Amino acid sequence: MYNAIKYFAATAAMMFAATASAETLTILATNDTHSQIDPGADGMGGVARRKVLIDSIRAEKENVILVDAGDAVQGSLFFTIYKGELEEKLMNALGYDIRILGNHEFDNGLQRLADNLAVADAELLCLNYDFAGTPLDSVFKPYAIREMGGKRIGFLPVNLNPKGMISKHNAKGVRYVPAEDAARHGAWWLKNIENVDYVVAVTHIGYQPETPPGDLDLVSRIPDIDLVLGGHSHTLVSPTSIAKNPEGRDIVVEQAGYGGKYLAEITVDLDSLGKTPEYKLIPVDARLDARVDPAVEEIIKPYRDIDLLYSDYVGRTAQAMPRKSNELLNFAADFVKTRGAELAPNIDLAIINKGGLRTDLPKGRISKGNIIDVMPFFNRVVVTDIKGSDLIPAFNQMAAVDGNGVSENVDITYDAGTDTCTEIIISGKPIDPDRVYRLATIDYLEEGGDYMPTLSNGTVVATSPSLLFEDVISYLSSPKMKGKKISASSRARMHIK
C-alpha cells in the first residue's frame, strides 16, 4: 500500500509539473513608427493592423505591457500638417502603457510637445533630460515599476544627447545628463533602493551608433540592466540579439526597425528571471486587414484632408528615386545649391543630410504630398561663408555615416576603416583649409546638426523665407520646369577609397 501511495504521489507531481505553466510577462514594443499611420508602399505597417495584434495578444495573455521607445512622430503628412495631434489619439486608442521620448518628438518645440502629451494616457518616462523651467516641467517620471507575478519590474528610460541631433531652438532650456551615467545610477537605484527584480532599459540612443553610447555599450558596462528595448537607429534586430553584460550574463537587446512594420514581442519568465527571454518580431501586414477595428479609421477620418495634397501634381520624374538612392540624394543636394544661388551669389558647394530624406520619390507624376513626404522637416535653405578647415571635419563625419549629399561639383573619397576623407575635390580643386567657401545647406546642419558642429562656425549671409519642401514645390511648379522631367545622376559623389 505504501508503495502504491508513493507511486501515485510521484505520478501526480509529474503530471502537475507537465501541465503547470510558468507565469510570464509579455512586453510588446515599438520604436520609430514615425507617423506611419497607413501601410507603406511596401504593404507593411499601419496603425489599425498593429491594434489587431496588440488586442489579440492581450486577449490571450495575462501580463501584457505595451511600450514605445520614441520617435512616434515625424515622417508623413499627418505630422507635417497636424503636428502630432493624431498620433497622440491613436497611441491612446492602442493602449500604450509606457512611453519615452525620441529626438523627433521635439520637432515642433517644447510647448507643442507639452500640449500633445497633455492628453497622453501612457506613463511618460524621462530620466536624463532635466526639463525644469520648461513647458515639460513635471510631465515625466524618472522610471516606472510594475508588479506582476509577485515580481517588481522596473522600466528605465535612456535618451540621446540632444546636441547635434535636436535643433537647439526646439530644446531650449533642456539640460542633458550623459546617457551612460544616468542608466548606471538609475539601474542601480531600481535594484538596490526600489528592490526591483528586473530592470528593462527603454532607450532612444541607437543599437550601435557612430556616436556612442549605444545599446550594446550600456549592456557591456552596466550590470543591473536585464533587458533593452531600443530605438533611434531603425535597426531591425532579427534574430535575437544577445549581448554579454559585465557579469557574463546574456542580455536581449531588441529593436523593431522603422515605420511600425513589425511589433516586437518579448516573453519574460517571471518564475525564472535569469532565463533568457523569448523574443520575436511579428510582421504587421495585410493578413490582418479583415480584423481591423473600424473605430481606428473613425479616429483618422477627420485628418484625411491630407489626401488632397496627393492629387495636387507639381511635376514628373524621369525615374524612381528610392529613399536611400544616390539619385534622390543628388537631386536634393543639387536643388539646395540651386536655391542657394537664388539667395546669394557665388555658391561654391551644397550639402544636405540623407537623414532629411524620409521616403521614396516615385517615377512619373509627383504631387505636393510626395515632396512633403520626402522632405517633411521644417528646414530652410541657408547660405553661409565658412572656412575649408571647418568643412573638412564635417565631411569626415559624413564619411562616418557612409556618405551624405553633396552638390555635383564635389567629389569626395574616404577611407571606410578610419572614417576620414582622403581626397576632397570642389570644382576640380582640392579643398583649401584656409579659403572661405560659400556653402548652401539647411539650417539644421548649419546649426551643427547630425554631429557636425564645425558647420556652425560660418557666417550666415542668407536664409530662405520659406521651408525646404515649399521651395521644391515652387521650383517644380515654375514655368521653367513646365514640360520637363526631374532626373538625377546615380553617381556616388562620396565614395570609398
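Helices and strands here are DSSP runs, numbered from the N terminus, with at least four residues for a helix and at least two for a strand. With that settled, I can say where things sit. Please keep in mind that this is a predicted model.

I will start with the backbone, and with two prolines. The peptide bond that joins Pro212 to Pro213 is cis, and its omega is near 5°. Where is Pro213? Pro213 sits in the loop between strand E9, residues 198–204, and helix H7, residues 215–221. The second case is the bond from Ser238 to Pro239, which is also cis, with omega near 0°. Pro239 belongs to the loop between strand E10, residues 227–229, and strand E11, residues 241–244.

Next, phi angles. Asp32 is not a glycine, yet its phi is positive, at about 50°. His34 is not a glycine either, and it too has a positive phi of about 50°. Asp32 lies in the loop between strand E1, residues 24–30, and helix H2, residues 47–60. His34 is in the loop between E1 and H2 as well. Are these two residues buried or exposed? Asp32 has a relative accessible area of 0%, so it is buried, the cut-off being under 20%. His34 is at 0% relative accessibility and therefore counts as buried too.

A word on cysteines. How many disulfides does the structure hold? The number is 0. Cys126 counts as buried because its relative accessibility is 6%. Cys421 has a relative accessible area of 17%, so it is buried as well.

Now some helices, beginning with H4, residues 85–94. Its buried residues are Leu86, Glu87, Glu88, Leu90, Met91 and Leu94. In general, an α-helix has 3.6 residues a turn, so residues three or four places apart point the same way. What do the buried residues of H4 pack against? Their partners are H2, strand E2 (64–68), helix H3 (77–82), strand E3 (98–100), helix H5 (110–117) and helix H8 (294–300). After H4 comes Gly95, with a positive phi near 80°.

Helix H9 covers residues 326–343. Its 18 residues should span 26 Å at 1.5 Å a residue, and its end C-alpha atoms are 26 Å apart, so the two values agree. The buried residues of H9 are Glu327, Leu328, Leu329, Asn330, Phe331, Ala332, Ala333, Phe335, Val336, Arg339 and Gly340. Keep Phe335 in mind, as that residue comes up again shortly.

Helix H11 runs over residues 388–400, which makes 13 residues. From its first C-alpha to its last it reaches 19 Å, close to the 18 Å expected. H11 is mostly covered, with 10 of its 13 residues buried. Among them are Gly388, Asp390, Leu391, Phe395 and Met398. Just after H11, Asp402 has a positive phi of about 65°.

One residue of H11 gets a closer look, and that is Gln397. Its relative accessible area is 18%, so Gln397 is buried. Which residues does Gln397 contact, leaving aside neighbours within four places in sequence? They are Asp450, Tyr451 and Met452. Gln397 and Asp450 are 53 residues apart in sequence, while their C-alpha atoms are 8.5 Å apart in space.

Tyr475 is another residue to follow, and it lies in helix H13, residues 468–477. At 22% relative accessibility, Tyr475 counts as partly exposed, because buried means under 20% and exposed means over 50%. Not counting residues up to four places away in sequence, Tyr475 touches Phe335, Lys480 and Met481. Here Phe335 returns, one of the buried residues of H9. Tyr475 and Asn245 are 230 residues apart along the chain, and 53 Å separates their C-alpha atoms.

Last, empty space. The second largest pocket holds about 310 Å³. It is lined by 18 residues, and the closest to its centre are Pro162, Lys163, Gly164, Ile166 and Lys168. What is the make-up of that lining? It divides into 9 nonpolar, 5 polar and 4 charged residues.

To recap the backbone part, the bonds to look for are Pro212 to Pro213 and Ser238 to Pro239, both cis. That is the end of my talk.

Terms used:
Residues are numbered from 1 along each chain as its sequence is written. This is a predicted model: local features need pLDDT of at least 70, side-chain atom pairs count only at pLDDT 80 or more; totals for chains, interfaces and linings use all residues. Side-chain values use heavy atoms; hydrogens and water are left out. Buried means under 20% relative accessible area, exposed over 50%, partly exposed in between (1.4 Å probe, protein chains only). A disulfide is a pair of cysteine sulfur atoms within 2.5 Å. The expected span of a helix is 1.5 Å times one less than its number of residues. On a 1 Å grid over the protein atoms alone, a cavity is a set of points where a 1.4 Å probe fits but cannot get out, and a pocket is an open set with protein on both sides within 12 Å along at least five of seven lines; lining residues have an atom within 4 Å of a point. Grid points are joined across faces, edges and corners, and a volume is the space filled by probe spheres set on the points. Ala, Val, Leu, Ile, Met, Phe, Trp, Tyr, Cys and Pro count as nonpolar, Asp, Glu, Lys and Arg as charged, and the others, Gly among them, as polar. Contact means heavy atoms within 4.5 Å.
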